[in-house]
Amino acid sequence: MAGENDPVAFRHKDGRRIARAVRRSEGQPPTGGDRPVASAWGWSPGVLRARVTTAIPAGTMSSPSSSGRVRLWHRVDGAWAEIAEDVEVWNDHAFTSSVAVNKAVKVGWIGLQLWLVQADC
């Protein structure tokens, strides 16, 4: 039985095929431009469900806030579960007040940071 650290052998043609598949999936720009996903954009999980754990203050485009925190939710066996770790969220929306603790929000992955996309104010 092979161990976890034992070498794995591929035929040369299989190695080329795997390398081409990886370049196609990881090296394509997200919008057809000329910048590769891995180096210019990073991995993007899309829009995520979250619950506010530290109030998210208003911000602006030139001065976004970064002191708010949320807990993300994900699906496990068909049911939604909260991830037990607070994460920082940025906000460039000029709300009249902060987004309160325990409010439902949607966050998106932009420039390797989580940003507030929508809030239940």
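A residue is termed buried when its relative accessible area is under 20% and exposed when that area is over 50%, with partly exposed residues in between. In the predicted model described here, Asn 91 has a relative accessibility of 0% and is therefore classed as buried. This residue belongs to strand β3, which spans residues 79-91. A polar contact of 2.8 Å runs from the side chain of Asn 91 to the backbone nitrogen of His 93. Beyond four places in sequence, the contacts of Asn 91 comprise Ile 56, Pro 57, Ala 58, Gly 59 and Thr 60, together with Pro 64, Ser 65, Trp 115 and Leu 116.

The surroundings of Asn 91 may be set against the overall fold. The protein contains 2 helices and 5 strands, arranged along the sequence in the pattern α-α-β-β-β-β-β. Of its 121 residues, 19% are buried. The accessible surface amounts to about 8600 Å², and carbon and sulfur atoms contribute 55% of this area. Among contacts with a sequence separation of 6 or more, 46% involve residues 24 or more positions apart.

Strand pairing was examined next. Strands β1 and β4 are antiparallel and are connected by 5 bridges; in this pairing, Ala 50 is placed opposite Val 105 of β4. Strand β1 also pairs with β2, again in the antiparallel sense, through 4 bridges. Here Thr 54 faces Arg 69 of β2.

Nonpolar side chains in soluble globular proteins tend to be buried together. In the present model, the largest nonpolar core has 13 residues, and those touching the most other members are Ile 56, Val 70, Leu 72, Val 99, Val 105, Val 107 and Leu 116. Two or more residues of this core are supplied by each of β1 (47-54), β2 (65-76), β4 (104-110) and β5 (113-119). Leu 116 is in contact with Ile 56, Val 99, Val 105 and Val 107, and its contacts beyond four places in sequence also include Val 89, Trp 90, Phe 95 and Lys 106. The remaining two partners of Leu 116 are Asn 91 and His 93. Leu 116 and Ile 56, both listed for the core, are thus also contacts of the buried Asn 91.

The loop between β3 and β4 contains Ala 94. With a relative accessible area of 65%, Ala 94 lies above the 50% cut-off and is therefore exposed. The C-alpha atoms of Ala 94 and Gly 59 are 5.2 Å apart, although the two residues are separated by 35 residues in sequence. Outside the four-place window, Ala 94 makes contact with Ala 58 and Gly 59; these two residues are also among the contacts of Asn 91.

Most residues other than glycine have a negative phi. Two exceptions were identified in loops. Asp 77, which is not a glycine, has a positive phi of about 50° and is located in the loop between β2 and β3. Its relative accessibility of 82% is over 50%, so Asp 77 counts as exposed. Asn 102, likewise not a glycine, shows a positive phi of about 75° and lies in the loop between β3 and β4. Asn 102 is also exposed, because its relative accessible area is 52%.

Side chains of opposite charge can pair when their charged atoms come close. The whole structure contains 4 salt bridges. One of them joins Arg 11 to Asp 14, with an N to O distance of 3.2 Å. Arg 11 is exposed at 53% relative accessibility, whereas Asp 14, at 18%, is buried.

A further salt bridge is formed between Glu 82 and Arg 51, whose closest N and O atoms are 2.7 Å apart. This pair links distant parts of the chain, since Glu 82 is in strand β3 and Arg 51 in strand β1, 31 residues apart. Glu 82 is partly exposed, its relative accessible area being 27%. Glu 82 also meets Arg 71 in a salt bridge with an N to O distance of 3.9 Å. Arg 71 lies in strand β2 and Glu 82 in strand β3, so this pair ties together parts that are 11 residues apart in sequence. Arg 71 is partly exposed, with a relative accessibility of 24%. Through shared partners, Arg 51, Arg 71, Glu 82 and Asp 86 are joined by salt bridges into one network.

Technical notes. Residues are numbered from 1 along each chain as its sequence is written. This is a predicted model: local features need pLDDT of at least 70, side-chain atom pairs count only at pLDDT 80 or more; totals for chains, interfaces and linings use all residues. Side-chain values use heavy atoms; hydrogens and water are left out. Buried means under 20% relative accessible area, exposed over 50%, partly exposed in between (1.4 Å probe, protein chains only). A polar contact is a pair of N or O atoms within 3.5 Å; within protein, one must be able to donate a hydrogen and the other to accept it, and residues adjacent in sequence count only if both atoms are side-chain atoms. Contact means heavy atoms within 4.5 Å. A nonpolar core is a set of buried Ala, Val, Leu, Ile, Met, Phe, Trp, Tyr and Cys residues joined through side-chain atoms within 4.5 Å. Two strands pair if DSSP finds at least two bridges between them. Accessible areas come from the Shrake-Rupley method with a 1.4 Å probe; for residues, only the protein chains shown count as cover. A salt bridge is a side-chain nitrogen of Lys or Arg within 4 Å of a carboxyl oxygen of Asp or Glu.
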